[in-house]
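Let's take a walk through this one, from the outside in. Have the viewer open and follow along.

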Amino acid sequence: MGMNEDKKEILELVKNYYKKHMVEDDNFKAGDRISYAGRVFDEKEMVNLVDSALDFWLTSGRYCDKFEKDFSKYLGVKHCALVNSGSSANLLAFMALTSPLLKERQIKRGDEVITVAAGFPTTITPILNYGAIPVFLDIDIPSYNIKVSDLKRALSSKTKAVMIAHTLGNPFNIGEVKKFCEENNLWLIEDNCDALGSTYNIDGTTKLTGTIGDIGTSSFYPPHHMTMGEGGAVYTNNSLLYKIMLSFRDWGRDCVCKSGQDNACGRRFDKQYGQLPIGYDHKYVYSHFGYNLKVTEMQAAIGVAQLDKINDFVRVRKENYKILYNGLKCLEDKLILPVPADNSDPSWFGFIITVRDGINRNDLVKHIESHNIQTRMLFSSNMILHPCFDSIRDDETAYRVVGNLENTNKILYNTFWIGLSPKMTKQKLEYMVKVIKDYFHVQ
């Protein structure tokens, strides 16, 4: 039996293994654990994973190339770079804007980047680590996105970019934010990690979130819209930014040869760079202080199979949102329910709830958790209050706050969310609704 026949036999066994041992039981009973999200897969992901393992090409290879090409096509963008996590995607997106190749638009230390305090830490960590200054704005409720009326108050002569997320899949007001950025020559990074598949109508054209600003980022951590285990992506229509991203992702090197490839430019040994001698090997010339943020071939192999399912994943998330919204609508005098932003069709990551005055959020959450239903806070709620800020809290040069962050502080005490991922069956969703109604003694 030849190698191809052996591989075929192995992959057929993998399919059978999945069907025999990995298919989850959907017979839900009240009291069974309901996780807010998790991996959704079938035999195709497992077959791809084993297929890539049998090739034993451990770094980026054919599956990485295919994913980047197919993901770009899905998004409708020119360029996509795979990385090892959504956090690395945010790091890479921000660091690309610090490149000297951007000339007067380069973000330098001491420059400012507008963002929100109510978010995930790795949206702002690259800004602080580099030595730029995050400028924190408040959010609106029930969008839980940037309060666009404060943008002009945040602007200064040092402002170079806006970097914000689409909260739990609900798009921020991209129309106003993009207009603000264009008027002031600012970069716009869309942290799209929680919003893959969300759309926004801008200037009469419906576009996927993450593709409207200068750079978009995605995360492929298991709870997200699709998964590679760990993994992420950065995407753009700007060819210069793409070139810079590849450099920062791949150790900071100047060479664009793919892994295992040499001398694609045909001028590997005859140019002069920096203060290096003429003819120094271009594969070892570094134009940026970079990283190694590459994904592995095995992760990409899973992603290729997941990408075939993305439209179904998005559809189910939207359907699940409707079940929860319609089921809890009778409690709107007690709870603020999530509503889509104007001009948008969200691919929801979670179902966010804010209790109205007089309702104890913690008691409600304990009640829900006591029925084995997983809940989550809105990430940091107010990032500035966390211990990581202790060392810079009194440093007026480290960050800036616009306004009193009234709504940001409100979600500290009043807000939580529950899941609506494709793992949820209608039975689970209806049970979640019943548990919340029971707390308020509503039938």
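**From surface to core**

Y286 is partly exposed, because its relative accessible area comes out at 47%, and a residue counts as partly exposed when that value falls between the 20% and 50% cut-offs. Bear in mind that this is a predicted model. To find Y286, look in the loop that runs between α8 (239-249) and α9 (297-307). Y286 has nonpolar company out there: together with W251, L276, Y280 and Y284, this tyrosine makes a surface patch of about 530 Å².

Now head inside. The largest nonpolar core has 32 residues, and the members that touch the most others are I114, L137, I146, V162 and V177. Two or more residues apiece come from β2 (112-116), β3 (133-137), α6 (151-154), β4 (159-165), α7 (174-183) and β6 (199-202). Of these, α7 gives the largest share, with 4 residues.

L137 is a handy place to stop and look around. Skipping neighbours within four places in sequence, L137 is in contact with a list of residues that includes I114, V116, I146, L151 and A154, as well as V402, L405 and T408. Apart from this core sits another one of 28 residues, with L328, V365, M424 and V433 among them.

One last stop is S143, in the loop between β3 and α6. A polar atom of the S143 side chain lies 3.4 Å from the backbone oxygen of D140. On the N145 side, the backbone nitrogen is 3.1 Å from a polar atom of that S143 side chain. Leaving out residues up to four places away in sequence, S143 also touches T167 and N170.

Technical notes:
Residues numbered from 1 in each chain as written. Predicted model: local features only at pLDDT ≥ 70, side-chain atom pairs only at ≥ 80, totals over all residues. Heavy atoms only, no water. Patch = residues over 30% accessible without salt bridge, like charges linked within 9 Å, V, L, I, M, F, W, Y side chains within 5 Å. Areas by Shrake-Rupley, 256 points an atom, 1.4 Å probe, with all protein chains shown as cover. Salt bridge = Lys/Arg side-chain N within 4 Å of Asp/Glu carboxyl O. Buried < 20%, exposed > 50% of the residue type's maximum accessible area, 1.4 Å probe, protein only. Core = buried A, V, L, I, M, F, W, Y, C linked by side-chain atoms within 4.5 Å. Contact = heavy atoms within 4.5 Å. Polar contact = N/O pair within 3.5 Å; in protein donor to acceptor, adjacent residues only side chain to side chain.
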